[in-house]
Amino acid sequence: MKKIGFLSFGHWTPSPQSQTRSASDALLQSIELAVAVEELGGDGAYFRVHHFARQLGSPFPLLAAIGARTSRIEIGTGVIDMRYENPLYMAEDAGAADLIAGGRLQLGISRGSPEQVVDGFRYFGYVPADGSDHAAMAREHTRAFLEVIKGQGFAQPSPRPMFPNPPGLLRIEPYSPGLSDRIWWGAGSRATAEWTALQGMNLMSSTLLTEDTGVPFHQLQAEQIQRFRDAWTAAGHQREPRVSVSRSIFPIVSDLDRAYFGGAADSQDQVGQLEGGSARFGRTYAGEPDELVAALAEDEAIAAADTLLLTIPNQLGVDFNAQLIDSVLRYVAPELGWR
């Protein structure tokens, strides 16, 4: 395990029990937590994207703001729902945010998850082509996005441009070199992980798999990772791929920690139904630091990945979450080989 970052869903609610009561709170606190985690020595700040929800829905202004306030940590998403995206406009936003951050953007993208509204992408103006479906549309948007961020010209210049053009076909601007190697696909199955490798994208795997073979979650996820790596090698890509996994990890080092998470100490995998199919959900890890070290050492997927993303309860506020992440970095991560 080389890198540890956090993954925030950016929830907000006007409830008096929440420390994050508005969209403004969610955005500004996300920036402050990223700054705090960089100061603590963490490696990344990642954000989930959901539309039509009281969560973070427009990632690029946030990523650019964090890029301007930090200098070292990776900044990313986990994940952007490509059903909603205009590939060329997204390429412009991503290029700008990456340049502001000095090449630290790590974009997790995917088909997306169950939505707040029925076929929400239709409200954004996107409809699957005849004979296709929303998943295929997401992959087509992805194909176009990956193509244009390579920086090659494809658009015919006007013979009477407002400003002088360089020679040849024009590309999307701003172009950020290297961004195309920092795109991740959020894969929910072993087959999708193999497809991800063929596309030359890094693998982002979470605490949910949209299949179940009866083995523990971490073993199924480790098999997914191995299939990804095998497919990557077979595809003949020249660079080394990256793999991230997400986990809910709560070291109990104070009475407040115990009050919040003591009841999760006996958490186990869960099997359920998602969009009409079987799904396996990973357990929550909560306990004293030495207990967590022993339990996490048995997690085969964490051992197989190079990046661990800590899912955080962002509505508990910046101070609590900074302390939570510090506890993982201080008491747990070094025992698992971090750095």
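Leaving aside neighbours within four places in sequence, with which residues is His 50 in contact? In the predicted model, the contacts of His 50 outside that window are Phe 9, Gln 55, Leu 56, Gly 57 and Ser 113. His 50 lies in the loop between β2 and α2. The relative accessible area of His 50 is 17%; because the cut-off for a buried residue is under 20%, His 50 counts as buried.

Helix α2, which spans residues 59–69, follows this loop. Its buried residues are Pro 59, Phe 60, Leu 62, Leu 63, Ala 64, Ile 66 and Gly 67. An α-helix has 3.6 residues a turn, so residues three or four places apart point the same way. The cover over the buried residues of α2 includes two helices, α1 (23–40) and α3 (87–100). Strands also contribute to this cover, among them β2 (44–47), β3 (74–81) and β4 (105–110).

At the level of the whole chain, the secondary structure consists of 10 helices and 12 strands. The radius of gyration is 20 Å, which agrees with the value near 20 Å for a compact globule of 339 residues. Along the principal axes, the C-alpha atoms fill a box of roughly 70 × 40 × 40 Å. Of the 339 residues, 50% count as buried. Among contacts with a separation of 6 or more, 73% are between residues 24 or more positions apart.

The exposed area of the chain is about 15500 Å², of which carbon and sulfur atoms supply 51%. The chain carries 28 positive and 40 negative charges, and the mean positions of the two sets are 4 Å apart.

Note on methods
Residues numbered from 1 in each chain as written. Predicted model: local features only at pLDDT ≥ 70, side-chain atom pairs only at ≥ 80, totals over all residues. Heavy atoms only, no water. Helix = DSSP H or I, 4+ residues; strand = E, 2+ residues; numbered from the N terminus. Rg over C-alpha atoms; globule rule 2.2 N^0.38 Å. Buried < 20%, exposed > 50% of the residue type's maximum accessible area, 1.4 Å probe, protein only. Contact = heavy atoms within 4.5 Å. Areas by Shrake-Rupley, 256 points an atom, 1.4 Å probe, with all protein chains shown as cover. Lys, Arg positive; Asp, Glu negative; His and termini not counted. Charge placed at Lys NZ, Arg CZ, Asp CG, Glu CD.
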